[in-house]
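Student: Could you take me through a close look at one helix and the parts around it? I'd like a connected picture that I can follow on the screen.

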Amino acid sequence: VPLVPKTEGEKMIVSKAVLTVKGAYDTAKTEAIAWSSDAKLVFIKSLGAVTLDGKSSQWQLAFSSATKKNMGYEIIIQADQIVSKKEIGSTAKGVDLLTGMLDSGDFVKKLQERPAFADATLSSFLLASTPESTDVKWWFSVNTSNGTVTFEVK
């Protein structure tokens, strides 16, 4: 998807791209808590094509649980439906998602304002945290043809 379309013809329509990062989290959260009442988010990653308003046709989410040692839970969403959910081996540690944080479309807008990305194409999103740090932070990465830009989520 061209990050800064020059014409209407360059604006891409991505079939079944209906959820943003927050929408994917909201869709998966109940299922993750059913897996483990203390489920915490590890990451959210777009798997399908992405749009300029921060939506993707597919999302992968991973959760952790302090009570389920060395286990995680993976959820795959297509459009707005969970199509896969399974327990996976994992030592990753998740944390609570920030309330009131910006969504994926907001980070696309921030990137569009940077002249170095005027000719770039948008390819994927990743939201991840630094749970091993004493000052836990969330990071949002936007992958483009001109490289990856990472923003701290506030």
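Tutor: Happy to! Let's start with helix α2, residues 104–112, whose buried residues are Ser104, Gly105, Phe107, Val108 and Leu111. These residues sit on the same side of α2, because they cover an arc of only 160 degrees around the axis. Please keep in mind throughout that this is a predicted model.

What do the buried residues of α2 pack against? Their partners are α1 (21–35), β5 (122–129), β6 and β7 (147–153). We can follow some of these partners in turn.

Begin with Phe107. Phe107 forms a stacked aromatic pair with Phe140, with 4.7 Å centre to centre and 15 degrees between the planes. This pair joins distant parts of the chain, since Phe107 lies in helix α2 and Phe140 in strand β6, 33 residues apart. Both of these phenylalanines are buried.

The two rings also belong to a wider group: Phe107 and Phe140 make up one aromatic cluster together with Trp59, Phe125 and Phe151. Across the whole structure, a search finds six aromatic pairs. Another stacked one is formed by Trp59 and Phe125, at 6.2 Å centre to centre and 10 degrees between the planes. Here too the pair links distant parts of the chain, with Trp59 in strand β2 and Phe125 in strand β5, 66 residues apart. Trp59 and Phe125 are both buried.

Trp59 brings us to the nonpolar core. The largest such core has 38 residues, and Trp59, Leu61, Phe63 and Leu127 are the ones that touch the most other members. At least two residues of this core come from each of α1, β1, β2 (58–64), β3, α2, β5, β6 and β7. Our helix α2 is therefore one of the contributors, with the cut-off for the list being at least two residues. The largest share, six residues, is supplied by α1.

Leu127 is a good place to see how many parts of the chain meet. Leaving aside residues up to four places away in sequence, Leu127 touches Val21, Val42, Phe43, Ile44, Leu97, Met101, Trp138, Trp139, Phe140 and Val153. So Phe140, the ring partner of Phe107, is also one of the contacts of Leu127.

Ile44 is another name on that list, and you will find Ile44 in strand β1. Ile44 counts as buried because its relative accessible area is 0%, and the cut-off for buried is under 20%. With the same limit on sequence neighbours, Ile44 touches Val21, Tyr25, Trp59, Gln60, Leu61, Phe125, Leu126 and Leu127. Both rings of the Trp59 and Phe125 pair are thus among the contacts of Ile44. Ile44 and Ser129 are 85 residues apart in sequence and 10.0 Å apart in space, C-alpha to C-alpha.

Now move along to Ser46, which is also found in strand β1 (residues 40–46). Ser46 counts as buried because its relative accessibility is 6%. The side chain of Ser46 reaches the backbone nitrogen of Phe125 at 2.8 Å. Beyond residues up to four places away in sequence, Ser46 touches Ser56, Gln58, Trp59, Ser124 and Phe125. Trp59 and Phe125 therefore turn up here as well.

Let's come back towards the helix by way of Thr144, which belongs to strand β6 (residues 138–144). Thr144 is buried, so you can look for it inside the model, as its relative accessible area is 10%. Among the residues that Thr144 touches, not counting those up to four places away in sequence, is Leu111, one of the buried residues of α2. The other contacts of Thr144 are Phe117, Ala120, Thr121, Leu122 and Ser123. The C-alpha atoms of Thr144 and Ala120 are separated by 6.1 Å, although these residues are 24 apart along the chain.

The side chain of Thr144 has polar partners too. A polar atom of this side chain lies 3.0 Å from the backbone nitrogen of Asn146, and the Thr144 side chain reaches the backbone oxygen of Gly147 at 2.7 Å.

To retrace the path on your screen, start at the buried side of α2, step across from Phe107 to Phe140, and then from Phe140 to Leu127. From Leu127 you can go on to Ile44, and return to the helix through the contact of Thr144 with Leu111.

Conventions:
Residues numbered from 1 in each chain as written. Predicted model: local features only at pLDDT ≥ 70, side-chain atom pairs only at ≥ 80, totals over all residues. Heavy atoms only, no water. Helix = DSSP H or I, 4+ residues; strand = E, 2+ residues; numbered from the N terminus. Buried < 20%, exposed > 50% of the residue type's maximum accessible area, 1.4 Å probe, protein only. Polar contact = N/O pair within 3.5 Å; in protein donor to acceptor, adjacent residues only side chain to side chain. Contact = heavy atoms within 4.5 Å. Arc of directions from axis to C-beta. Core = buried A, V, L, I, M, F, W, Y, C linked by side-chain atoms within 4.5 Å. Phe/Tyr/Trp six-rings, centres within 6.5 Å; stacked < 30°, edge-to-face > 60°.
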